[in-house]
Amino acid sequence: MAASKITRDVFGTLPDGRKVERIVLRGEGGFEARIITHGAVLQALIAPDARGGHDDVVLGHDTFAGYLAERKFFGATVGRYANRIAKGQFSLDGETVQLAVNNGPNALHGGLDGFDRKLWAIAGLDEGAEPAVTLTYVSPHGEENYPGRLDVRVTYRVTGPAELSLIMEARTDRPTIVNLTNHSFFNLEGATSGTSVLDHKLAVAAEHFLAIDPTAIPLPEPPRPVAGTPFDFREPRPVGERIRESDQQLQSGRGYDHTYCLRRDGKLGLAARLEAPRAGRIMELLTDQPGLQVYSGNYLDGTISGKGGKLIRQSDAICLEPHIWPDAPNRPDFPSPRLDPGEVYRHHTVYRFSVRSP
């Protein structure tokens with residue numbers, strides 16, 4: 001009898017007694033995605049390497065206690081607004097909305113108690129050829145001071161032998177803003193390998209990026225060309241090849257912490273390709289979002305331990321976060337994050353794994 005493509009168990013318990021479940025989706029040849037209901041977190045992603053082995057390639061924690069103790073966004077579904085909003089403030093239909101300021105002078109990743117800290121409900125399991133789980137969360141009007149009730153659905157689905165698809169949808173009952181992403185920290189050598197990602201080869205399908213001020217808010221200027229800068233990843237190059245150059249933008253982000261400007265046609269397309277030199281593991285990221293945040297783990301400082309009890313240090317992982325551009329509610333020249341009643345916000349991202357040919 002074939003093994004089940006989906007299993008579920010209890011991963012932990014919240015202080016109020018509610019259970020946090022874990023759902024395991026299985027592909028072929030050992031490929032697995034493990035999702036927990038707290039934060040709709042991608043807790044583990046097991047992918048093959050070129051030697052016939054398998055490793056978990058996302059940072060995080062082996063037990064729920066780690067996620068509860070520290071808010072580091074490992075694998076989390078981030079919202080209502082991923083990335084930053086300047087001064088935590090924006091105007092909508094003539095009314096000023098003031099959000100909590102939780103990242104220097106700015107609002108970050110949904111505020112003090114964002115979607116990454118919520119217990120999501122399991123709305124459905126699909127045990128067919130492409131196993132999937134759908135998680136839901138209802139954010140009431142006024143939560144974190146965002147206007148409108150927001151009904152959110154996130155579906156993780158194994159759509160190929162070593163491919164994970166992520167679809168996020170949201171609906172509202174009054175005008176609001178929304179910008180969701182998954183905040184996985186990737187190390188394609190393995191989450192417990194103890195290796196840096198600076199020698200991973202990265203390619204990003206973008207000709208422009210958003211320059212930022214020292215608080216990581218985009219400067220009041222059009223997107224800058226990547227050509228002739230350390231931000232040019234149009235051809236594959238090691239993440240760390242130019243990361244220590246004397247460049248004002250690298251200083252502002254303490255490394256890479258910038259949005260790359262992707263196509264804006266709303267269609268799924270290749271945004272980035274990441275390759276681990278030793279494991280020979282390759283990940284292609286496809287998305288329909290207009291931006292890709294590339295974050296080189298600059299603020300990981302060794303103060304917490306992750307999987308396998310290893311301390312998590314700077315450059316132990318890289319984040320590739322597809323989303324609408326930061327501070328877009330205040331920038332009419334940026335893609336709009338506005339959502340009105342009757343409309344559906346939709347975000348589709350695919351993580352497709354393969355191995356380097358011998």
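I started with R26, E32 and R34, and found them linked in a network of salt bridges. I should keep in mind that this is a predicted model.

Next I wanted the total: how many salt bridges does a search of the whole structure find? It comes to 29. I picked a few pairs to look at one by one.

First pick: R18 and D16. Their side chains meet in a salt bridge, 2.8 Å from N to O. I checked how open R18 is, and its relative accessible area is 43%. That is under the 50% an exposed residue has to pass and not under the 20% for a buried one, so R18 goes down as partly exposed.

Then I turned to R71 and D116. Here too I noted a side-chain salt bridge, with 2.8 Å between N and O. Where do R71 and D116 sit in the chain? R71 is in the loop between helix 1 (64-69) and strand 6 (76-78), while D116 is in the loop between strand 10 (107-108) and strand 11 (121-126). They are 45 residues apart, so I wrote this pair down as a link between distant parts of the chain.

Buried or exposed, what about D116? D116 is buried, since its relative accessible area is just 4%. Its partner R71 has 23% relative accessibility and counts as partly exposed.

Last entry: E275 and R273. They form a salt bridge too, and their closest N and O atoms are 3.2 Å apart. E275 counts as buried because its relative accessibility is 12%, under the 20% cut-off. For R273 I got 27%, so I have that one as partly exposed.

Definitions and conventions
Residues numbered from 1 in each chain as written. Predicted model: local features only at pLDDT ≥ 70, side-chain atom pairs only at ≥ 80, totals over all residues. Heavy atoms only, no water. Salt bridge = Lys/Arg side-chain N within 4 Å of Asp/Glu carboxyl O. Buried < 20%, exposed > 50% of the residue type's maximum accessible area, 1.4 Å probe, protein only. Helix = DSSP H or I, 4+ residues; strand = E, 2+ residues; numbered from the N terminus.
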